[in-house]
Amino acid sequence: MGLGKFVWMDGKFVKWKDARIHIMTHSLHYGSAVFEGIHSYKTGGGTAIFRLDDHIERLFSSVNAMSMKLSLTKKQLKGAIIKAARINKIGDGYIRPLVYYGYSSIGVYPKGVSTNVAIAAIPWGHFYSGSLSIMTSSFRRNSERSSVYGAKISGNYANSVLAMYEARKKGFDEALMLDLHGNVSEGPAENIFIVKNNEIVSPLSRSALPGITRDSVLKISRGLGLKACEKRVKPGEARAANELFFCGTGTGIAPITSIDGKRVGNGKPGKITLGIKQKYDDIVRGKDKKYRKWLSFI
Ligand code: PMP
């Protein structure tokens, strides 16, 4: 992962090494920040950010979920993100806008605490290049009963970190998390797809983040003439899949070739997965006119 040169903090660019906050920052103690992970890609027409407006929409709904008072408009935030991407010359890169409750006294209730915004932008590719082995986590994904559905709240990620450590300690690459009802939810930082009998299924779970990559995959698959749907998925159905893959902004599309120590399909990345991955890669690189609307050139 590369380093950025400048970080946008509350309206100003500061040098990477000077992008600091006070130890008494509310969000650091209580997980009360909200954030986005956004990807940019080099294309034939210059660098383009993938589905920027959708990420901004989701960030603003997370801000509302956390009752934050943000003085920036969506347009201003979009402008700042584009500037951060440009000034850091990220090319293939990752952008992390973070909205957090700032310096405060010790209480949990953030009354009178400032809402601060930072945007880091770094040159970067994806987490994984090969295929993944996953295990079903003993940790259940935070449910909508303990958080807000659809909000990307930093505190939810303690749950993800626990699942990741459990998986890595046992020698797996990643975790599969079930929801409160025992149905398949998602990975610690990505959504999962199940392919069975040429049908592509995205689990319907109110514990899973409605991912922007997931939405793209559903649309791309239908565009390719494949049958794609959302429905409840039992863990046994995931284990019996012909193909499995993870998807997310940071993960890209990553084939899963084993689950709980058992091979998925023939133990190799599946044909349908690889077809969707190829199409996705073409789209983010601006090679498919039909999906240019998803790109914001910077
Ligand atoms: N679920 C979780 C918990 C995530 O952190 C992410 C990454 N943002 C995703 C799913 C995938 O979402 P997206 O495709 O919007 O990046």
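## Cysteines

C247 is buried, at a relative accessible area of 0%. This is a predicted model, and a search through the whole of it turns up zero disulfides. C247 takes part in none, and the nearest cysteine sulfur to its own, that of C229, sits 14 Å away. With a disulfide needing two cysteine sulfur atoms within 2.5 Å, C247 does not pair up because its nearest candidate, C229, is 14 Å off.

C229 tells the matching story: no disulfide, with the sulfur of C247 as the nearest one at 14 Å. C229 is buried too, and its relative accessible area is 18%. Buried means under 20% here, so 18% puts C229 in that class.

## The cavity

Next up is enclosed space. Rolling a probe the size of a water molecule over the atoms shows where empty space is left. For this structure, the count is one cavity of 30 Å³ or more, and the largest cavity has a volume of about 30 Å³.

Which residues line the largest cavity? They are H39, F50, H55, T213, T249 and Y280. Sorted by class, that lining has four polar residues, two nonpolar ones and no charged ones. One of these lining residues, H55, also turns up among the buried residues of helix α2.

## The second largest pocket

The second largest pocket holds about 300 Å³ of space. It has 19 lining residues, and those closest to the pocket centre are E144, L204, S205, R206 and S207.

How many charged residues does the lining of the second largest pocket have? There are seven charged residues, along with seven nonpolar and five polar ones.

## Helix α2

Helix α2 covers residues 52-65, which makes 14 residues. From first C-alpha to last it reaches 20 Å, close to the 20 Å expected at 1.5 Å a residue.

On the inside of things, the buried residues of α2 are L52, H55, I56, R58, L59, F60, S62 and V63. Just past the end of α2 comes S67, with a positive phi of about 55°.

## Helix α4

Helix α4 runs over residues 157-169. At 1.5 Å a residue its 13 residues should span 18 Å, and the end C-alpha atoms are indeed 18 Å apart, so the two values agree.

The buried set of α4 consists of Y157, N159, S160, A163, M164, E166 and A167. What do the buried residues of α4 pack against? Three strands: β3 (34-35), β8 (132-136) and β9 (174-178). After α4 comes G171, and its phi is positive, near 90°.

## Two more residues: T25 and D215

T25 lies in the loop that links β2 (12-15) to α1 (26-30). Is T25 buried or exposed? T25 is buried, with a relative accessible area of 3%. Leaving aside residues up to four places away in sequence, T25 touches Y100, Y101, G102 and Y103.

D215 belongs to helix α5, residues 212-223. Its relative accessible area is 22%, which makes D215 partly exposed. The cut-off for buried is under 20%, so D215 at 22% does not count as buried. D215 and G248 are 33 residues apart along the chain, and their C-alpha atoms are separated by 10.0 Å.

Terms used. Residues numbered from 1 in each chain as written. Predicted model: local features only at pLDDT ≥ 70, side-chain atom pairs only at ≥ 80, totals over all residues. Heavy atoms only, no water. 1 Å grid on protein atoms, 1.4 Å probe; cavity = no way out; pocket = protein on both sides within 12 Å on 5 of 7 lines; lining within 4 Å. Points joined across faces, edges and corners; volume = space filled by probe spheres on them. Nonpolar A, V, L, I, M, F, W, Y, C, P; charged D, E, K, R; others polar. Helix = DSSP H or I, 4+ residues; strand = E, 2+ residues; numbered from the N terminus. Expected span 1.5 Å × (residues − 1). Buried < 20%, exposed > 50% of the residue type's maximum accessible area, 1.4 Å probe, protein only. Contact = heavy atoms within 4.5 Å.
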